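User: Hi! I have a structure open and would like some help reading it. Can we go through it together?

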Amino acid sequence: MGKQYISTVTASHAHQSDISGVAMTDKYTVTVSSDGYAAFWDNKKDEVHNPSEHVVRKLIDPIGIHHVAAYQNIPPDSTNKVVLLAFACFDGSIRFRYYVNDDLETFTELPTGSTFKANFWTPGFYKDPKSKQDMFIATKASGSAAVYALNVKDEDGKIQIVISSLLGELHITVNNASFPNSLGVSKGPEGLVAVGYTSGDVAVFSLHGLKALFTFYSTDLQIAENIGSSSVPRVLEFSPGGSLLAVARDNQSAGSITLYDVEYGESVGSLTTSSHSAKTTVGGFAHEGWIMGLDFNEDGSLLASCGFDKCIRVWNIESREREATIQVNVTDLENTEHDESIDSSVCSGVAFINRGIRAGAGGDSNEGLCVVSFDRGVRWYREAGGI
């Protein structure tokens, strides 16, 4: 292990219930929870501060939020930056909010009629690097993933956002009745989207033409009829260039990470750590529990993972070796008063913080990490050295 990460600040009791997701924008760390709120934590505050004194909370849906996806863009012929957020709620709806120029006073609901009222699960955005057509994608309980045109314009200083035209739905013919529980969207010009199914399989589609390219089948040999797979792909993440897809699957009580080359449609290896546990299948695993979060850093050289074993691991993609392991515990939080009703420190999401995002010492030269957990805490770290 070649890297060390230093804890900078923490927020205890960040939400009233389990924290289910995190999204990183230039200005804010955005966390969501089953309490129905989105919390906006200011990345630009000095490294040594109390995050809870500067957080802004917005009620999205009292029924609770389980996923969040963020889109940032400056429309053509405009100087206004738009951040659009998609919140997936437990009633099957997706709710959209946006704000302009990092000002939460402009926080506005985007009306979408009845389109996103029910039957959706995982949201994602595709920002076309060639500025041809941005898209919004969401998996549906019916087994498909719906693709919509996303258009953002600045008309005389007034932002106009439209998510309306259904471009098509993505299907696979094998195990089509399986629930599409995870989604990954490429940032590259190829416009790829990956959908993970509870059958254990992951299908990769092209958004340009809406066609299926590959299906990466589960290696789980313990599939029973009418029961499904124990190798559920919980998280999917494309590398920044779009050439690799990282798939985190359940591996009985552990979690595995497989890397796939999406140009040729083949597995190129796994990220594993040694274990003496008799509970894991042959072939190694990445975590001693199910994996809940994945994120590549800005240049794609590192992948962060986290999960039920209460730790974050940082992997070197070239060497396939662990660079760092960070173990979390409720006692890490600055406010160590612990409500016994709060779940343990299961890590439910992780996000890299790019260089230049954070304020304080090393903000422009060190990458950082943020992890959220079921103990209702948010923890921020930065890579040691380089200041």
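User: Let's begin with charges. How many salt bridges does the structure hold?
Analyst: There are 12 salt bridges in the structure. Keep in mind as we go that this is a predicted model.

User: Okay, pick one. Which residue does Lys81 form a salt bridge with?
Analyst: Its partner is Asp26, and the closest N and O atoms of the two are 3.6 Å apart. This pair links distant parts of the chain, with their positions 55 residues apart. Lys81 is in the loop between β6 and β7 (82-89), while Asp26 is in the loop between β2 (19-24) and β3 (28-33).

User: Is Lys81 buried or exposed?
Analyst: Lys81 is buried, at 14% relative accessible area. Asp26 counts as partly exposed, with 33% relative accessibility.

User: What about Asp375, which residue does its side chain meet in a salt bridge?
Analyst: That would be Arg379, at 2.9 Å from N to O. Asp375 counts as buried because its relative accessibility is 2%, under the 20% cut-off. Arg379 is buried too, with a relative accessible area of 1%.

User: And which residues are joined into one network by salt bridges that share partners?
Analyst: Asp26, Lys81 and Asp102 are joined that way, so you will recognise the Lys81 and Asp26 pair from before.

User: New topic: sheets. What is the strand order in the open sheet of 4 strands?
Analyst: The order is β10-β11-β12-β13, and the pairing is antiparallel. β10 (120-126) and β13 (158-170) stand at the edges. Each of those has a single partner strand, so one side of each is left without a neighbour in the sheet. From one strand to the next, the twist averages 25°.

User: What about the middle, how many bridges do β11 and β12 pair over?
Analyst: Strand β11 (residues 134-140) and strand β12 (residues 145-155) pair over 6 bridges, in the antiparallel sense. If you want a spot to look at, find Met135, which stands opposite Ala149 in β12.

User: Back to charges for a second. Which residue forms a salt bridge with Lys140?
Analyst: Glu169 does, and their closest N and O atoms are 3.3 Å apart. Glu169 lies in strand β13 and Lys140 in strand β11, so this salt bridge ties together parts that are 29 residues apart in sequence. Glu169 is partly exposed, with 30% relative accessible area, whereas Lys140 counts as buried at 17% relative accessibility.

User: Nice. Now rings: how many aromatic pairs does a search of the whole structure find?
Analyst: The search finds 18 aromatic pairs. One of them is Tyr71 with Phe125, a tilted pair at 5.6 Å centre to centre and 45° between the planes.

User: Why give both a distance and an angle?
Analyst: Because a pair of aromatic rings is described by the distance of the centres and the angle of the planes.

User: Where do Tyr71 and Phe125 sit in the chain?
Analyst: Tyr71 is in strand β6 (residues 65-73) and Phe125 is in strand β10. They are 54 residues apart, and the pair links distant parts of the chain. Tyr71 counts as buried at 2% relative accessibility, and Phe125 also counts as buried, at 11%.

User: Last one: which residues form one aromatic cluster with Tyr71 and Phe125?
Analyst: Phe96, Phe116, Phe120, Phe136 and Tyr148 are in that cluster with them. Try selecting those residues in your viewer, together with Tyr71 and Phe125.

How values were computed: Residues are numbered from 1 along each chain as its sequence is written. This is a predicted model: local features need pLDDT of at least 70, side-chain atom pairs count only at pLDDT 80 or more; totals for chains, interfaces and linings use all residues. Side-chain values use heavy atoms; hydrogens and water are left out. Two strands pair if DSSP finds at least two bridges between them. Helices (H or I, at least four residues) and strands (E, at least two) are DSSP runs, numbered from the N terminus. Axes are lines fitted to C-alpha atoms, for helices over the stretch in contact, and angles run from 0 to 180 degrees between N-to-C directions. Rings of Phe, Tyr and Trp (its six-membered ring) pair if their centres lie within 6.5 Å; planes under 30 degrees apart count as stacked, over 60 as edge-to-face and the rest as tilted. Buried means under 20% relative accessible area, exposed over 50%, partly exposed in between (1.4 Å probe, protein chains only). A salt bridge is a side-chain nitrogen of Lys or Arg within 4 Å of a carboxyl oxygen of Asp or Glu.
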